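These are my notebook entries on one protein chain. I looked up confidence, aromatic pairs and one surface patch, in that order.

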Amino acid sequence: MKLRSFSRVLVSSFVLWLVGPIVCAAQEPPIMFGFMFVLSGTLANYGTSSRQGAELAIEELNAAGGVLGRKVVALFED
């Protein structure tokens with residue numbers, strides 16, 4: 001009886017050892033890129049079009065699976 005319990009514990013710990021890194025890899029945080037554009041004032045037209053271009057590029061990256069399997073997130077500041 002004790003041998004059977006020990007073997008169950010051994011097998012379950014081995015399975016967790018194999019599956020654990022896969023589960024942890026799926027929970028990695030996204031890659032963040034920061035952009036500083038002029039989004040207000042007289043030059044806001046240039047900053048707005050630059051922001052739209054960056055958003056489009058990030059959407060394409062995420063649609064292709066991200067970078068190294070991780071999602072890409074943009075942070076925009078004025």
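Entry 1, confidence. I noted that the protein chain averages a pLDDT of 82, with 69% of the residues scoring at least 70; pLDDT is the predictor's confidence in each residue, from 0 to 100. I found the lowest confidence in helix α1 (residues 2–26), at a mean of 64, and the highest in strand β2 (residues 72–77), at 94. Helices (H or I, at least four residues) and strands (E, at least two) are DSSP runs, numbered from the N terminus. The model is predicted, so local features need pLDDT of at least 70 and side-chain atom pairs count only at pLDDT 80 or more, while totals for chains, interfaces and linings use all residues. Residues are numbered from 1 along each chain as its sequence is written, and side-chain values use heavy atoms, without hydrogens and water.

Entry 2, aromatic pairs. I applied the rule that rings of Phe, Tyr and Trp (its six-membered ring) pair if their centres lie within 6.5 Å, with planes under 30 degrees apart counted as stacked, over 60 as edge-to-face and the rest as tilted. The count came to 3 aromatic pairs. The pair of F35 and F76 is stacked, because the ring centres are 5.3 Å apart and the planes are at 20 degrees. This pair links distant parts of the chain, as F35 is in strand β1 (residues 31–36) and F76 is in strand β2, 41 residues apart. I also recorded that F35, F37 and F76 form one aromatic cluster.

Entry 3, exposure. I used these classes: buried is under 20% relative accessible area, exposed over 50%, and partly exposed in between (1.4 Å probe, protein chains only). F35 counts as partly exposed at 23%, whereas F76 counts as buried at 17%. Y46, in helix α2 (residues 44–63), is exposed, with a relative accessible area of 62%.
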